[in-house]
Amino acid sequence: DQKTRMMGSKRDEKASPRAAVIYMPTDQLSFRLSYARSFVEAPYWYRYGSGAGTTGAANMIPEVFDSYQWTAELTAPTYLTQRLNLFANNAQGIVFKSPLDGIYGNSGDVKSRGVEYEAEVKRSNLSVRANYTYQYALNTSQGWYTILYGQIPGIPMHMGNLLVDYA
């Protein structure tokens, strides 16, 4: 993934490399170690908009995310698959709206760590998948926002879901 953005005479280029190593000691068990870097451009409105209580900032840089994951997957018996995923995410240049003046801008860095468990059962025409994720975050540089008790504003610390498909 690569993107080029022109800002007047300035050319801004970013790439999103990804890599993974997979080890399968048996057909039912696998381990994965992966790394990914991605970026998110601030939307046009955040950079150039103006309106009631909001002003854009054209000089914002893209948010950059580095993610490291270790995953174990077990399929046994044949209809039950379980996954355990440990992750570490590092976000730089988080875009946030300043509560002081309403201007959007890059505001600090965040590190988050967590664990995710997923179980899936497949039987003929029925599939049931359950998932639970726990994420704990730390400010690594102060910005306009504050992480309270390990929770990123607007992002849950605990999350779960249940999906049922019947066909």
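Start with enclosed space: in this predicted model, the count comes to one cavity of 30 Å³ or more. That cavity has a volume of about 30 Å³. Its walls are made by Gln135, Tyr136, Ala137, Gly150, Gln151, Ile152, Ile155, Pro156 and Met157. Sorted by class, the cavity lining comes out as six nonpolar and three polar residues, with no charged ones.

Now for the open counterpart. The largest pocket has a volume of about 390 Å³. It is lined by 20 residues, and those closest to its centre are Phe65, Ala91, Ile94, Ile152 and Ile155. If you've been keeping track, Ile152 and Ile155 also belong to the lining of the largest cavity, so you can use them to find your way from one space to the other, given that lining residues are those with an atom within 4 Å of a point. Which strands each supply at least two residues of the pocket lining? They are β4 (29-40), β7 (63-75), β8 (80-92), β9 (95-97) and β11 (109-123). The makeup here includes charge: 11 nonpolar, six polar and three charged residues line the largest pocket.

It helps to step back and look at the chain as a whole. The protein chain has one helix and 13 strands. Reading from the N terminus, the order is β-β-β-β-α-β-β-β-β-β-β-β-β-β, with the helix sitting between β4 and β5 in that run. The chain has 167 residues, of which 32% count as buried.

How far can you trust the details? The average pLDDT of the chain is 83, and 80% of the residues score at least 70. Confidence is highest in strand β3 (residues 18-23), with a mean of 97, and lowest in strand β1 (residues 2-7), where the mean is 56. Where pLDDT is low, the predicted coordinates should not be read in detail.

Next, the charged side chains. Side chains of opposite charge can pair when their charged atoms come close. How many salt bridges does the structure hold? There are eight. Take Arg37 and Asp66, whose closest N and O atoms are 2.7 Å apart. This pair links distant parts of the chain, with Arg37 in strand β4 and Asp66 in strand β7, 29 residues apart. The two partners sit in unlike surroundings: Asp66 is buried, at a relative accessible area of 5%, whereas Arg37 is partly exposed, at 30%.

Stay on strand β7 and you come to another one. Glu73 forms a salt bridge with Arg83, and their closest N and O atoms are 3.0 Å apart. Here the link runs from strand β7, which holds Glu73, to strand β8, which holds Arg83, across 10 residues of chain. Is Glu73 buried or exposed? With a relative accessibility of 18%, Glu73 counts as buried, because the cut-off is under 20%.

A third pair takes you over to strand β11. Glu118 and Arg129 meet through their side chains in a salt bridge, at 3.0 Å from N to O. Glu118 lies in strand β11 and Arg129 in strand β12 (residues 126-141), 11 residues apart, and this pair too links distant parts of the chain. Glu118 counts as buried at 13% relative accessibility, while Arg129 is partly exposed, with a relative accessible area of 30%. These pairs don't stand alone: salt bridges that share partners join Arg32, Glu73, Arg83, Glu118, Glu120, Lys122 and Arg129 into one network.

While you're on strand β11, look at Ser112, which is also placed there. Ser112 is buried, with a relative accessible area of 5%. Its side chain makes a polar contact with the side chain of Gln135, at 3.2 Å. That brings you back to the starting point, since Gln135 is one of the residues lining the largest cavity.

One last stop is Tyr79, found in the loop between β7 and β8. Tyr79 is partly exposed, with a relative accessible area of 35%. What separates the C-alpha atoms of Tyr79 and Val121? The separation is 5.5 Å, even though the two residues are 42 residues apart along the chain.

Conventions
Residues are numbered from 1 along each chain as its sequence is written. Side-chain values use heavy atoms; hydrogens and water are left out. On a 1 Å grid over the protein atoms alone, a cavity is a set of points where a 1.4 Å probe fits but cannot get out, and a pocket is an open set with protein on both sides within 12 Å along at least five of seven lines; lining residues have an atom within 4 Å of a point. Grid points are joined across faces, edges and corners, and a volume is the space filled by probe spheres set on the points. Helices (H or I, at least four residues) and strands (E, at least two) are DSSP runs, numbered from the N terminus. Ala, Val, Leu, Ile, Met, Phe, Trp, Tyr, Cys and Pro count as nonpolar, Asp, Glu, Lys and Arg as charged, and the others, Gly among them, as polar. pLDDT is the predictor's confidence in each residue, from 0 to 100. A salt bridge is a side-chain nitrogen of Lys or Arg within 4 Å of a carboxyl oxygen of Asp or Glu. Buried means under 20% relative accessible area, exposed over 50%, partly exposed in between (1.4 Å probe, protein chains only). A polar contact is a pair of N or O atoms within 3.5 Å; within protein, one must be able to donate a hydrogen and the other to accept it, and residues adjacent in sequence count only if both atoms are side-chain atoms.
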